[in-house]
Amino acid sequence: MKKLTEDKKIKYLTLAYCFVIPCFVVLISYVIRGIEPFGGRTLCSMDGFSQYYPMLMNMDEALKNGEVFYSFNGALGFNLWAQSAYYTNSPLWLLVYMIPHEWQIEAIHFLIMLKIGLAGLLFALRLIKKHDNLHSEKNQFFVLALSTAWALSGYMIAFINQFMWTDVIVLLPAVIMGIEELVKNKKLTGYTLSLFLSIWTCFYLSFMVCVFSVLYFLFLILKEKMANKERFIHCVRFGAGSLTAGAMAAVSLIPVAKALSLTLASEAGFNQVIEIKYTLTELLMRLLPFQKISLEYGEPNLYCSLIAVVIMLFYFLAAKAPKREKLLYLGFITFMFVSMCTNVGEYLWHGLHFPNQLPARQSFLVIFLMLTIAAEGADRLDFRKGAAIFLSSVIILGASLNAVLQLTSQVWAARVDSLQRYEESMAEFTSLDDEDIFARLAWTDEKKNNYPQQYNYRGICYYSSTMSGDAYEFFQNLGMEKYAKNVSTRYNQSDILNCLFGIKYILEEDGETITVNENALPLAFLADPAVKELDPGEFKKGDEAQQALWNSVALSENDFDTQVSELKANGIRLTYFDTDKIKGSITAEKDGVLLTSLPYDGGWEIFIDGERVPTVKAAGYLTCADITQGSHEIEMRYTVPGIKAGAILSLVGFISCALIMNYETG
């Protein structure tokens, strides 16, 4: 066996420490805070409680059942493929899905710790690859220190509950390392694959990564002295790698982009009044350790060690650093701070909309750039070994203590028993629909927005940034409560809605009593054509809108019970049900509208007697189609909008990537 050189021993040992130290700090914090399995608390809090954990449980069931495109566990139904692309696409979640349910909360905690360790490891790998001098025996401590500062930054700790964001923190150093490899050695593979992984795991923050990548690439080709022709060739390579990565992710990217185009957030524009969001004093304070982290509101979470920031500043005084490089770095970091401080910058960085809570979501890029410049300073300032050890120790100690303080006292942590308090009763409740081909369920105390996803039942409550504007307005017009504006609904039951939405089983507030709603209508039924013209938003009160909806649906003017009987008699008799394919038969007593309680998002198609018929939107949200008198065979199919075009582009992207890899390795 070939012996390792001393240089490689130092390198591998440094990388190991860069992974282990952040993990150890998080582990100690878990023990102190009592995070499961060391106590009764969980990081599945804040959005981790109301969104990520339920969505992970929903996706776990969907993968087991092979139903990954559509779900009925909220808002009458939603595009699960798009939601997953936004929240749960990380391949690392597969590790959690492999764990038995009773251990999945603990698995999530250790997966978070793993991601933080990987963030340190990849940042260190990038520094070692870029700076020959930094992994020498004298300066290896700076690699360890700066990597620890990245992995335990104020941003990572503050948003540790935002599970989808942490993957991008892990992958950003790999993306930048790929860009540096592209410019230095003209190789595309690393950049293409790392950018693809970033987009796939969390396209939202990856939009910011893509913008930052363009800026960093321009910085690199301007920093080096080269002919304009060579710069142009670099631009072509960079564009090819970027387009290939985007194409590879298109099967996820296009559907989620289409879904987000239907949200109310997509309609919000810039008010054209430029405002300063944070003062210089506020930003400088955020660079200091032991500040209170900003969770919902406040200033950006920028802490990454004060000493690292000081080294960054001293870099601009270093005689060894080329003036051209220093000026470009100065312009780059100034732009990042200014764009973070203005509302127009916030609007642009967040994909042409203003985010709801969670301040300066792009500030991880500012931290990355500060630590990148600090690494340049550590490389060029030529510290003595004693000084390097001392400064690195202070950085590691400061980052670790700051992380422990924030994780043990400031980061939100819920109680595990509150997250799982209804496991037993909900297991019995959700098993009720096993005898039905299709039935919806409701709970009279649904205060947690995504219980239908968490406990896997076909409910109404829903909370997701991918929620369509039609869905939000429909439920609001019918008098439903909300948790977060534009993206959530909580179901308030009524006889009319329980009937129209097919709510068959109802769990009372005590969590034990279950009642059966005999008036629940089937998934599709003959309705009066007037429902196509109804606008629930025209009514001031929810109960008025509900009554108007019922009146527009009913086939006669008889009493409520008779009207229910008439609608049920003209309802579909299901013979097959899957989340994206439904079959049944219906006998319509007259011409009218086949009204379904399926949301209208462009994905559902209706076939009557084997022929596809045009679908339209009823009451602002529901899918319906015209139907004639007589007996008919009905089939409803769902195709994720944009997935076919995305699949074709992804195939082209993977073929292109394979050709690139073959060329570069051949």
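**A short tour: hairpin, sheet and salt bridges**

Let's start at a hairpin: strand 16 and strand 17 form one with 3 residues between them, and A619 in the turn has a positive phi of about 55°. Helices (H or I, at least four residues) and strands (E, at least two) are DSSP runs, numbered from the N terminus.

Before we go on, a word on where this comes from. This is a predicted model, where local features need pLDDT of at least 70 and side-chain atom pairs count only at pLDDT 80 or more, while totals for chains, interfaces and linings use all residues. Residues are numbered from 1 along each chain as its sequence is written, and side-chain values use heavy atoms, with hydrogens and water left out.

Back to our hairpin. Strand 16 covers residues 616-618, and 3 bridges join it to strand 17 in an antiparallel run. Two strands pair if DSSP finds at least two bridges between them. In this pairing, A618 stands opposite L622. Strand 17 (residues 622-627) also pairs with strand 13 (residues 592-599), again in the antiparallel sense, over 5 bridges. There, G592 faces I627. How many residues of strand 17 are buried? The count is 5 of its 6 residues, so the strand is mostly covered, given that buried means under 20% relative accessible area, exposed over 50%, and partly exposed in between (1.4 Å probe, protein chains only).

Next, please look at the open sheet. It has 5 strands in the order 11-12-18-14-15, with antiparallel pairing. Its edge strands are strand 11 (573-578) and strand 15 (611-613), each pairing on one side only. From one strand to the next, the twist averages 30°; here axes are lines fitted to C-alpha atoms, for helices over the stretch in contact, and angles run from 0 to 180 degrees between N-to-C directions. Strand 11 is joined to strand 12 (residues 581-588) by 5 bridges, and F577 stands opposite I582.

Now for the salt bridges. The structure holds 16 of them, each being a side-chain nitrogen of Lys or Arg within 4 Å of a carboxyl oxygen of Asp or Glu. One of them joins D167 and K115, with the closest N and O atoms 2.7 Å apart. This pair links distant parts of the chain: D167 is in helix 8 (residues 163-185) and K115 in helix 5 (residues 104-130), 52 residues apart. Are these two buried or exposed? Both D167 and K115 are buried.

Another salt bridge brings us back to the sheet: K581 and E635 meet at 3.9 Å, N to O. K581 lies in strand 12 and E635 in strand 18 (residues 630-638), so this pair ties together parts that are 54 residues apart in sequence. K581 is partly exposed at 32% relative accessible area, whereas E635, at 15%, counts as buried.

R612 and E605 form a salt bridge too, at 3.2 Å, N to O. R612 is exposed, at 57%, while E605 is partly exposed, at 22%. Salt bridges that share partners also join K130, K223, E224, E325, E376 and R380 into one network.

Finally, a stop in helix 10 (residues 203-223), where we find S206. This residue is buried, with a relative accessible area of 1%. Which residues does S206 touch, leaving aside its neighbours within four places in sequence? They are V168, S198 and I199, where contact means heavy atoms within 4.5 Å.

Thanks for listening!
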